[in-house]
2 protein chains.
Amino acid sequence: MSNDALRRQVASLVVVRASGHASDRQRRYPRWELTNADLKRLLNSGVGGVILLGGTAVELQQRCRQLRHWAQGPLLLCADVEEGVGQRFEGGSWLVPPMALARLHQSDPERAEAMAERYGACTGRQAKQCGMNWVLAPIVDVNNNPANPVINVRAWGDDPTTVTRLTLAFQRGLNQAGVLGCAKHFPGHGDTAVDSHLQLPVLPHSRERLEQLELKPFRACIAAGIDSVMTAHLQIPSLDPDRPATLSKAVLTGLLRDEMGFDGLVVTDALVMEAIREHHSAGDAALLAFEAGADLVLMPEDADAAITAICAGIESGRIARERLNASLQRRQQALARVEDCAAQPIGPAMPEHQAGSELSLDVEQTEDRALAQTLVELTCESQGPSVAHRPPHTALNLIRIDGVLSCPQLPASAPALLLPEQAGFRPLIHHPMAVSIWKEDVWSKGDRSAPLALDRLGEGPVLLQLFLRGNPFRAGRDQQEPWAEAIDQLQACQRLAGLVVYGSPYAWESLRSLLEPTIPAAYSPGQMPEAQHTVMHRLFLADSAHPSTQGPGEGFTD
Amino acid sequence: MSNDALRRQVASLVVVRASGHASDRQRRYPRWELTNADLKRLLNSGVGGVILLGGTAVELQQRCRQLRHWAQGPLLLCADVEEGVGQRFEGGSWLVPPMALARLHQSDPERAEAMAERYGACTGRQAKQCGMNWVLAPIVDVNNNPANPVINVRAWGDDPTTVTRLTLAFQRGLNQAGVLGCAKHFPGHGDTAVDSHLQLPVLPHSRERLEQLELKPFRACIAAGIDSVMTAHLQIPSLDPDRPATLSKAVLTGLLRDEMGFDGLVVTDALVMEAIREHHSAGDAALLAFEAGADLVLMPEDADAAITAICAGIESGRIARERLNASLQRRQQALARVEDCAAQPIGPAMPEHQAGSELSLDVEQTEDRALAQTLVELTCESQGPSVAHRPPHTALNLIRIDGVLSCPQLPASAPALLLPEQAGFRPLIHHPMAVSIWKEDVWSKGDRSAPLALDRLGEGPVLLQLFLRGNPFRAGRDQQEPWAEAIDQLQACQRLAGLVVYGSPYAWESLRSLLEPTIPAAYSPGQMPEAQHTVMHRLFLADSAHPSTQGPGEGFTD
């Protein structure tokens, strides 16, 4: 075989990252997202997959057509749409995070599983309508560590049984839609307090413990025919003392292929993540992952270097050609299961005049909308009376959020802003680029008592709204913020008008326990505007004559 | 003629507002933007025009197809893309505001006029490629009032000659592209300190003064064959003691049609603006405007009420049928000049495999990109030495911006954030929803001396970056902020590391005059990331051995 033919074969096993936007200038992460010129060159030279992020659903339809056009053969087009297409692409359905269904599963397992199946069907159908054929979900990690900075509410539960039941249901939904799924992150990323985007976590667990917990949902997904498995950038000495799972033959070939019998696609997690990148060059990382047993390498820091390194490994005989052929065959089999995506035009047809047609551009159907709203209502919780209305601007709506720039949770028309405003609460947003709301002593002396610099906040009662969900890339900074002490401080001076948590059930459970019974409070696992709308209506319109705790499943429609 | 036929005719003269996004949920201004259900119903019942805002250029192509499909006949599709399509639709070219070219016109009139023509050609071609056929530009108001809260840098100058020459050039560019243009806001909105979005401004000028100043550019545009003129919501007692221009027969018919001889389309400014809305119901405003001489009514608060009111006026004989017929004919004539837009598919064709094609989705061509960059470089100004680099996080990058939510000027990757960060400056954003940077005494006692609450800002030198351009809807709040005093305060304690103004030349001129000669400073009329990039490179990489003032036309490429 010629060198060029080998390069094309190897290139087909590389998945590169692109923005879902049409133009280079629109890229939100230019460091990681290829330019159109590079994308076109790489696809033309045989690169076989693209992971997409950003843009609108309508724009993505056109973008996927463009990428297919640039490629020479069928493409794997994927995205991390773990919480619905709307999580990454505006206009798609943005669903509450999976952990919300795990909470519902405790009280109503049948309903939770039915919802998880619809969750998968909605995500898969919209992904396909946008032009993709591979959904990088479900996460099957068991999030038994509440301090987990990278999985957290993305997980389908904190015990293996719940995770297994819900992810199998999700997978059934995906299958109905005709897109590929992906169980991640093998062998299990749920029990770490370290973010692998920033450094390599080490898991001290024995093989026995892994069998009891982490591996269970993977075994079930494999038995149910999951199309692909994504590797974790985790060091697990009991499985391999030398290499992280992504680069470990013992883990990928020994455990996943040979022992667990998985014969689908094995894809690495993004090789640009610091857990890998700080220890290995782009070429080395790709070569080691492929040698260990991965079929596809995702987001190598340098796609050309990755292809060159794997080719060199094959040409030198270090890796057998049969290994390459097996990976190529697995990729083709996966594509064959969803080949209609490539064969026919994607998305709604766009003739100028189509008799009787709605010519809908909306990928979100009425049933999707109903699903998204039902999930919000079923998983919203509240307690205490309603929040009292005040004269305009006499009270404070203090919102805590990870970042305020390019923030889809908080458009100018966000219910978390507008509804309190109508009730007299002026907005104040706490974010990392604002003047701090904290006293200097919190950070300089570690004095966390009465931490709020109240002189900076002005007068009046304070409604506290915390958007907190354990997002990656934050190195645990969220957990250092003294919100418990701030709640004590506001209660001590009778200035706490209410508490809302959007996102983390762990934060909600620990903070609600501090509240006096007269303090209105509410929680939604979702952070999107629809979740805010439901929470705000509960908080401001609850019947104050009947203060009560409304748990999951007791939601009402406004 | 049947009542229904009359309603359809009248409806064709109404222009309603829609988001450029595909789905209702994506609307940024749900109060003003119709739902898809309402849009479809109104277009189906004959509404003849849509003004669009928001979304991406690629999404807008599909959106325009959809609107044409819903309509029964040809549509006027327009947008306020005064500063390039990218000002309103992501992915289009976002150009420096027109006032920048007026400054260039002082030193190099030929170059400025050539640039204005390319500005019009770029805007027109991209608007057409997105599916529109009518650009609501140029603004021909003479901005001779620096405190103007609504026109300001949107104007093509502050004297009638400059405005005339540049807007004629812009109009030539639009004509080349084959879209309709619009001279606004008749009879001239440049000399007011009141924002007509919020209340009705009164202009005390005599007819003679109007002839000398405000009317000159309109006369020139009409002589050059401008397609449409937009009315101003201004009370001008010397022309009509009773009615604002938009609703005045003396102004629209007496002055514009009869005296000035304009026979193109007269369109109102948006009737939902408070200058009209607080005095007139939706039906009354539309009826009065049409009776006064407007052909098209833009954004009535209630399109059905507007249609009903005008129909009633015609049926009762208050308005002659000939008046209606003349407006219908003018609309048809305008559409005929751009009819190819409606007759053939809009935007790039999208076949799955088009041999040899780039399948580009990008509406911004290489020449547009070069124009945008040249305009930034030609209009950027700087003075003083370069900013010294500091150890990480030891200096402060204090950014002032109108609002931080959904803010296209300030994505997370904005050069105004990233480049100072690399030089040791940590970002701090001053916006209306953050903890204030000002001492309480500024507002409570009117004490503007040393107004910054330095204890809230932390230690270190301060780079001040002010995004200030006199945006509407702000009721003059910008001008109350004590930036001059803040600069004095920082200079007095030797903490001013540099000053940048993005937007208003008036703010730049007045603040730069306060600076000690050792303080680095720079200005761009543009606020977009490309302008920030150029300014930041000038500020941080200027040759400190040769401190110099670089005015318009002396720019360099980095």
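This short talk walks through the contact between chains A and B, one helix of chain B, and some salt bridges.

Hi everyone, and thanks for coming. One thing to say at the start: this is a predicted model.

Let's begin where the two chains meet. On the chain A side, 56 residues are in contact with 55 residues of chain B. The size of an interface is often given as the accessible area lost when the parts come together. Here the area buried between chain A and chain B is about 5,000 Å², and carbon and sulfur atoms give 53% of that.

What about charges across the interface? Between chain A and chain B the count is 6 salt bridges. One of them joins B:R25 to A:E364, and their closest N and O atoms are 3.0 Å apart. Polar contacts across this interface come to 19 residue pairs, both partners at pLDDT 80 or more. Turning to the elements involved, α3 (57-70) and β11 (425-430) of chain A each supply at least two residues of the side that touches chain B. The most comes from α3(A), with 9 residues. If you sort that side of chain A by class, you get 22 nonpolar, 18 polar and 16 charged residues.

Now please look at chain B, at helix α20, residues 505-512. Which of its residues are buried? They are B:P505, B:A507, B:W508, B:L511 and B:R512. Looking down the axis of α20(B), these buried residues fall within an arc of 160 degrees, so they line one face of the helix. As a reminder, an α-helix has 3.6 residues a turn, so residues three or four places apart point the same way.

And what does that buried set pack against? Within chain B, the partners are helices α4 (99-107) and α19 (483-492), together with strands β9 (381-383), β12 (462-468), β13 (496-503) and β14 (521-524). There is also a nice detail at the start of α20(B): a side-chain oxygen of B:S504 comes to within 3.1 Å of the backbone nitrogen of B:Y506.

Last topic, salt bridges over the whole structure. The search finds 72 over all chains, and I picked out three in chain B that involve the loop between β3 and α4.

The pair B:K184 and B:D80 has its closest N and O atoms 2.8 Å apart. B:K184 sits in strand β5 (183-186) and B:D80 in the loop between β3 (76-79) and α4, so this pair ties together parts that are 104 residues apart in sequence. B:K184 is buried at 1% relative accessibility, whereas B:D80 is partly exposed at 24%.

Next, B:E82 and B:R154 meet at 2.8 Å, N to O. B:R154 belongs to the loop between β4 (134-135) and α6 (160-177), and B:E82 to the β3–α4 loop, so parts 72 residues apart in sequence are tied together. B:E82 is buried, at 2%, and B:R154 also counts as buried, at 12%.

Then B:R469 reaches B:E83, with closest N and O atoms 2.9 Å apart. B:R469 is in the loop between β12 and α18 (477-480) and B:E83 in the loop between β3 and α4, so this bridge ties together parts 386 residues apart in sequence. B:R469 is buried at 12%, and B:E83 is buried at 1%.

Finally, over in chain A, there is a network of salt bridges linking A:R257, A:D263, A:D295, A:R323 and A:R330.

That's my tour. Happy to take questions!

Methods
Residues are numbered from 1 along each chain as its sequence is written. Chains are lettered from A and ligands numbered from 1 in the order in which they are written. This is a predicted model: local features need pLDDT of at least 70, side-chain atom pairs count only at pLDDT 80 or more; totals for chains, interfaces and linings use all residues. Side-chain values use heavy atoms; hydrogens and water are left out. Contact means heavy atoms within 4.5 Å. Buried area is the accessible area (1.4 Å probe) that two parts lose on being put together, summed over both. A salt bridge is a side-chain nitrogen of Lys or Arg within 4 Å of a carboxyl oxygen of Asp or Glu. A polar contact is a pair of N or O atoms within 3.5 Å; within protein, one must be able to donate a hydrogen and the other to accept it, and residues adjacent in sequence count only if both atoms are side-chain atoms. Helices (H or I, at least four residues) and strands (E, at least two) are DSSP runs, numbered from the N terminus. Ala, Val, Leu, Ile, Met, Phe, Trp, Tyr, Cys and Pro count as nonpolar, Asp, Glu, Lys and Arg as charged, and the others, Gly among them, as polar. Buried means under 20% relative accessible area, exposed over 50%, partly exposed in between (1.4 Å probe, protein chains only). The arc is that of the directions from the helix axis to the C-beta atoms.
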